[in-house]
Amino acid sequence: MPSPDDVRQNLFDRVRYVGAFPMAENEIAIATPVHSVTPPKKVPKPKSAADRKERISKIIAELDRIFPDATCALHHGNAWELLVATILSAQCTDERVNKVTPGLFAKYPTMEDLANASQEEVANDIRSTGFFNNKARSIIGAAKTILRKFGGKVPQNIEELLTVPGAARKTANVVLGTAFGITSGVVVDTHVARISQRLDLTKNDDPVNIERDLMKSIPQDRWILFSHQVIHFGRQICVARKPRCASCPLDPLCYAKDKTLA
Ligand code: SF4
């Protein structure tokens, strides 16, 4: 039975946890009590393929519990807008992209409008997202390619989508998964890469090999949701510099060397 002081402290910690890290839109308050962190050496590493499978099932179950409805945070009305937003999101926050796209799509409502736009003007319209010259070139190139090769419809398979300027695997997986519900792969952004390494789901550094490892270990019908869940998890809990291990529901499964024990 916790003492009244314990209860008060727990409440304080919960409020501190939610209050200290303002949530972005679409993020969910995690009401997980703050606890002392299990040292990495005390967390058993899986010894067999069956152990690994069981551990991954537990990780997925926890992610389902805390982020049951995780989805893409980029605002969009159709697959084309999502493709443009995803191109803009490279090295930029989704929040910033969501501030830029309403004006961009109001000014250029159709794919044709962007195909015929001046690169300099588009670059200026998207300046605040960074790398604006490259992004403007990609967006205009994507519009021209989709109009010329695919009749103005965003392709619904990864082979064709990868031929569109600005659409590398991450972008293609976001568009296929979110706009069409097609499980073409696992989105590997900076959060998914970092957390896959911390959770020992991969030993690779490059996104292509990380994705290959995840596609082997995560059931295919989970690829789309898993990516979104891990991105939310990386923004709210397993953050880059100082992961919030004391509030992390995956602590009993995590033997990352850089767990924060304080
Ligand atoms: S926050 Fe990250 S590093 Fe810390 S316990 Fe959770 S998964 Fe492991």
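The exercises below, each with a worked solution, concern a predicted model.

**Exercise 1. Confidence in the model**

Find the mean pLDDT of the protein, and then say over which residues the pLDDT is below 50.

*Solution.* Begin with the whole protein, for which the mean pLDDT is 89, and note that 87% of its residues reach 70 or more. Next look along the chain for the weak stretch: the pLDDT is below 50 over residues 1-26. Finally, consider how this stretch sits in the model, where it has 15 contacts beyond near neighbours in sequence.

**Exercise 2. Two helices that meet**

Determine how the axes of helix H10 and helix H12 are arranged, and list the residues that make the contact.

*Solution.* First locate the two elements, since helix H10 covers residues 190-198 and helix H12 covers residues 223-236. Their axes come within 8 Å and cross at roughly 85 degrees. Because angles of 65 to 115 degrees count as roughly perpendicular, H10 is roughly perpendicular to H12. On the side of H10 the contact is made by His-191, Val-192, Arg-194 and Ile-195, while H12 contributes Ser-227, Val-230, Ile-231, Phe-233, Gly-234 and Arg-235. Sorted by class, the residues of this contact are five nonpolar, three polar and two charged.

As a last step, ask which residues of H10 are buried. These are Val-192, Ala-193, Ile-195 and Ser-196, and what covers the buried residues of H10 includes helix H11 (207-217) as well as H12.

**Exercise 3. Positive phi angles**

Examine Phe-131 and Asp-200, and state for each the phi angle, the place in the chain and the degree of exposure.

*Solution.* Start from the general expectation, which is that most residues other than glycine have a negative phi. Against this background, Phe-131 has a positive phi of about 45 degrees although it is not a glycine. Phe-131 is found in the loop between H6 and helix H7 (132-150), and it counts as partly exposed because it has 16 C-beta neighbours inside 10 Å.

Now turn to Asp-200, which is likewise not a glycine and has a positive phi of about 60 degrees. Asp-200 follows H10 and lies in the loop between H10 and H11. With 15 other C-beta atoms within 10 Å, Asp-200 is partly exposed.

**Exercise 4. Sequence distance and distance in space**

Compare separation along the chain with separation in space for the pair Glu-120 and Phe-132, and for the pair Tyr-255 and Val-43.

*Solution.* Glu-120 lies in helix H6 (residues 119-125), and it counts as exposed because there are 10 C-beta neighbours inside 10 Å, where the cut-off for exposed is 12 or fewer. Glu-120 and Phe-132 are 12 residues apart in sequence, and their C-alpha atoms are 9.3 Å apart in space.

Tyr-255 is in the segment after H12 and, with 17 C-beta neighbours inside 10 Å, counts as partly exposed. Although Tyr-255 and Val-43 are 212 residues apart along the chain, their C-alpha atoms are separated by 5.7 Å. Leaving aside residues up to four places away in sequence, Tyr-255 touches Pro-40, Val-43, Lys-45 and Asp-200.

**Exercise 5. The shell around the ligand**

State how many residues surround the ligand and describe the shell by class.

*Solution.* Counting gives 13 residues around the ligand, and the closest are Cys-238, Pro-243, Cys-245, Cys-248 and Cys-254. By class, the shell holds nine nonpolar and four charged residues, and no polar ones.

Notes. Residues numbered from 1 in each chain as written. Predicted model: local features only at pLDDT ≥ 70, side-chain atom pairs only at ≥ 80, totals over all residues. Near = placed C-beta within 6 Å. Nonpolar A, V, L, I, M, F, W, Y, C, P; charged D, E, K, R; others polar. Helix = DSSP H or I, 4+ residues; strand = E, 2+ residues; numbered from the N terminus. Buried ≥ 20, exposed ≤ 12 C-beta atoms within 10 Å, placed from the backbone. Axes fitted to C-alpha atoms, helices over the stretch in contact; angles between N-to-C directions. Parallel < 35°, antiparallel > 145°, perpendicular 65-115°, else oblique. Contact = placed C-beta atoms within 7 Å. pLDDT = per-residue confidence, 0-100.
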